[in-house]
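Thank you all for making the time this morning. I would like to take you through one structure, going from its enclosed space to its metal site, then to the sheet around that site and the open pocket.

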Amino acid sequence: MLKMKFLLFLFINILSFSLWAATPAPKATPKSTTTPTLNQVSGMVSPQKDARLVRIPSKYANKTEYIQKNVLPDLERMILAARKDGVNLRVISAFRSYNHQKNLWQRKWQQTSGNDKTRLQAVLRYSSPPAFSRHHWGSDVDLNSLKPSYWASADGKKTLRWLQKNARKFGFCQVYSQGRKKGHDEEVWHWSHVRSARPYYQIRAKTIKQVKHINLSGSHVLTPELLKTYLSSIQNCGL
Ligand SMILES: [Zn+2]
């Protein structure tokens, strides 16, 4: 009887050891930032089908907007913290596709006069050509208003002061800040989640020469050197 019990004990132990040995080692948690593809860097994706992107809850945005999954929690925390301080933040533009950016570019080009070089300079003050907008990346948002009159109002000034003091705590930076010598003009409404933008930025910087703009107004005066200047003349808030 004792022998039987011992054999049973041995059997159970061997069985549990082999079960333990057969269990695969836990996999390392997948990196939250996988390398973006060239299409993703250029906005050539459908936001509904891209697994990196999620819809911004409608209470935080004026229309249907998409953003990187990784950015949404920080955006939400920032909006709620601002609200506690009496500052109301709303997203007016987040992810943009290549075609969306192309339409914006073409419209601005039509509205601008002069020779092609002056036109280009004027459009580049506040707009990037398609494939070069940070809005393709789902890491950047425009907040509250694009109108200078809003940002000159008491409400706008209070909002900007709050953002300039606090956005960094949530990973956001005013990339087109005041006082840069080159690149786009200051944009007080444009805030970038720098950590989430970085892998996209790095790929875009490396692949500028590969981008060919077919049927884009002004493309014959857009040089890779010029594009590189506009891409890289940014502030990153040390993030
Ligand atoms: Zn913007």
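Let me begin with how residues are classed: Ala, Val, Leu, Ile, Met, Phe, Trp, Tyr, Cys and Pro count as nonpolar, Asp, Glu, Lys and Arg as charged, and the others, Gly among them, as polar. What you have in front of you is a predicted model, in which local features need pLDDT of at least 70 and side-chain atom pairs count only at pLDDT 80 or more, while totals for chains, interfaces and linings use all residues. Residues are numbered from 1 along each chain as its sequence is written, and side-chain values use heavy atoms, with hydrogens and water left out.

On a 1 Å grid over the protein atoms alone, a cavity is a set of points where a 1.4 Å probe fits but cannot get out, whereas a pocket is an open set with protein on both sides within 12 Å along at least five of seven lines; a lining residue has an atom within 4 Å of a point. Grid points are joined across faces, edges and corners, and a volume is the space filled by probe spheres set on the points.

The structure holds one cavity of 30 Å³ or more, and the largest cavity contains about 90 Å³ of space. Its lining divides into nine nonpolar residues, two polar and one charged, and includes F132, R134, W137 and H184. Helix α9, residues 224–232, gives the largest share of that lining, three residues; helices (H or I, at least four residues) and strands (E, at least two) are DSSP runs, numbered from the N terminus.

Which residues coordinate the zinc ion? They are H135 through NE2, D142 through OD, listed twice, and H190 through ND1, at 2.0 to 2.8 Å. Donors here are N, O and S atoms within 2.8 Å of the metal (3.2 Å for Na, K and Ca), and water is not among the atoms, so sites may look incomplete. The angles among the four donor atoms run from 51 to 151°, and the site is irregular; four donors count as tetrahedral if all angles lie between 85 and 135 degrees, four count as square planar and six as octahedral if opposite donors are over 155 degrees apart and all others between 65 and 115, and anything else is irregular.

In sequence the donor residues are spaced H-x6-D-x47-H. D142 in strand β4 and H190 in strand β6 are 48 residues apart, and the pair links distant parts of the chain. D142 is buried at a relative accessible area of 3%, and H190 is buried at 2%, where buried means under 20%, exposed over 50% and partly exposed in between (1.4 Å probe, protein chains only).

Two strands pair if DSSP finds at least two bridges between them. β4 and β6 pair in the antiparallel sense over three bridges, and H190 is the bridge partner of D142, while S93 also stands opposite D142. The open sheet has four strands in the order β3-β4-β6-β5, with antiparallel pairing. β3 and β5 stand at the edges, each with a single partner strand, so one side of each is left without a neighbour in the sheet.

Lastly, the largest pocket holds about 620 Å³ of space. Its lining has 28 residues, and D142 is one of those nearest its centre, along with K108, Y126, L146 and W189. α4 gives the largest share of that lining, six residues.
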